[in-house]
Amino acid sequence: MSLKNFLTFALLTITYLQLQAKDYRTSLFGIHSDGITLNTRSIQYAIDFISQNGGGRLVFNVGRYLTGSIHLKSNVTLHLEEGAVLLGSLNPWDYDKKVWTAIVFAHDQQNIGITGQGVIDGRGRYIARNIVDMIHKGLIKDLFRQDRPEAETRPVLAYIRNCENVNVKGVTMQNSSSWVQIYDQCKNVAIDSITVDSKAYWNNDGVDIVDCDGVSITNSFIDSDDDGICLKSHDASKVCKNILVRNCTIRSSANGIKFGTASYGGFSNVKIYNVKIFDTYRSAVTLQAVDGGFVENVIVDSLRAYNTGNAIFLRIGERMKGRKGRMENISISNMYVEVPATKPDAGYEYEGPIEDMPRNISPSGIVGMPDAIITNVTLKNIEIKMPGGGNPMFAKIGLDELDKVPEKPTFYPEFSMFDELPAWGLYMRHAKDVRISNLTLSCEKKDYRTAIVTDDVHEATFEGIKVTQPGVATPNVAKNHIHTHKSTGVIIRK
């Protein structure tokens, strides 16, 4: 079954099940909307009752519903009407921890949902503050790295694991103290028309999809203090597959769309269409295989990014010795990106970190390893506007010293990880079977570096390459704008 048919069938299944549901008002169960009364037990009783009596929707009317951890059960949907707020408790002891800490849990359930025009508000900066206080008092044991509690200790808004037929639609999720929402080893997940507004604390990933099969994220707006949409593979025996992202707008103090810094298993059959990214600190799109897993069969089409730190970063690494990744069959097309000279997320409450220096503005990158080559990559109809201004007096890697660029297989993978690079537009290293056509690169200020550098790249084709840089001639693309090093089978056509 194709990805389109698979996701259509899943969505129809979820919709059919919802049409059979019965509505139950929260008032029936003595659930209070004053924002003061702790409703954890009464909400849980309502969920259990509805699940045991054929399923339905627990409907929250206008009001503020204070709660600790609640657990969704099969055939139950939390429906938040406009003006309804599910409000996270500020007391750390009101939350359960099952791998993660969360407001809404679901484990091993079917046909569940969170819908409506209401809000889930985690009040993240305040609950995080209280957790820090408990750590200092010795009441909560935590590594407390980087002067903050571990991500798993702080409540996420929703942690859904090993569930089937999950529907999240219309709601606003805001102010998490950690990742916003996690879907872990789930099947048939439909996320549609949601808003994520989470800049309350560190590690505020907008949406995390972990080792799932059949996920669609559509028509949504995500503004987060960490990666916007993040795919992960935590289990070496699992694969995150059949994923669709369409018609979304993303802002992030990290990456717009990213997978997989956790890449123990793999990622397969991922399609990303019609996405807009803005004011994003790191890459618009970054694909990574750094923990022994694989990335294969990925399509990115019609992505526009404005005020973004980097356009494209593809990376194979080896963070654990002997576990090399694999990446192949990647297609990126119809893409427009503007990279500024200044920090794209400057002024946000939780900005990305100031990069190690020295470093001029980094190019896009396709970077494998000597014994783990990135293969079969297509870049087509792409325009990237760079600030230029690279200054050799600040930092320099010359074209005669490309072997000085470090491999860094064990480093945390980000486009800036290599410090200075010898290209201002696109840097490729350890890649094979690369096809680049109709690529337009421009920079506002003259840059000492070459536009495109290939190092240990084989069977690569460049066609229709346009480069604009102040003070540099353009007629002879091969001579002026593409430098090859230890590369074979590189073909440059007009």
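Two strands pair if DSSP finds at least two bridges between them, where strands are DSSP runs of E at least two residues long, numbered from the N terminus. The structure is a predicted model, in which local features need pLDDT of at least 70 and side-chain atom pairs count only at pLDDT 80 or more, while totals for chains, interfaces and linings use all residues. Residues are numbered from 1 along each chain as its sequence is written, and side-chain values use heavy atoms, with hydrogens and water left out.

**Exercise 1.** Determine which residues stand opposite I209 and L231 in the paired strands.

*Solution.* Begin with strand 18 (residues 207-210), which runs parallel to strand 21 and is joined to it by four bridges; here I209 stands opposite L231. Then turn to strand 23 (residues 257-263), which pairs with strand 21 in the parallel sense, again over four bridges, and in which F259 stands opposite L231.

**Exercise 2.** Decide whether the residues of strand 21 are buried or exposed, and which way they point.

*Solution.* Buried means under 20% relative accessible area, exposed over 50%, and partly exposed in between (1.4 Å probe, protein chains only). By this criterion, five of the five residues in strand 21 (residues 229-233) are buried. I229, L231 and S233 point one way, whereas C230 and K232 point the other. In a regular strand the side chains alternate between the two faces of the sheet.

**Exercise 3.** List contacts of I209 beyond its neighbours within four places in sequence.

*Solution.* Contact means heavy atoms within 4.5 Å. With those neighbours left aside, I209 is in contact with residues including L231, C230 and K232 of the strand examined above, and also with Y183, I191 and V215.
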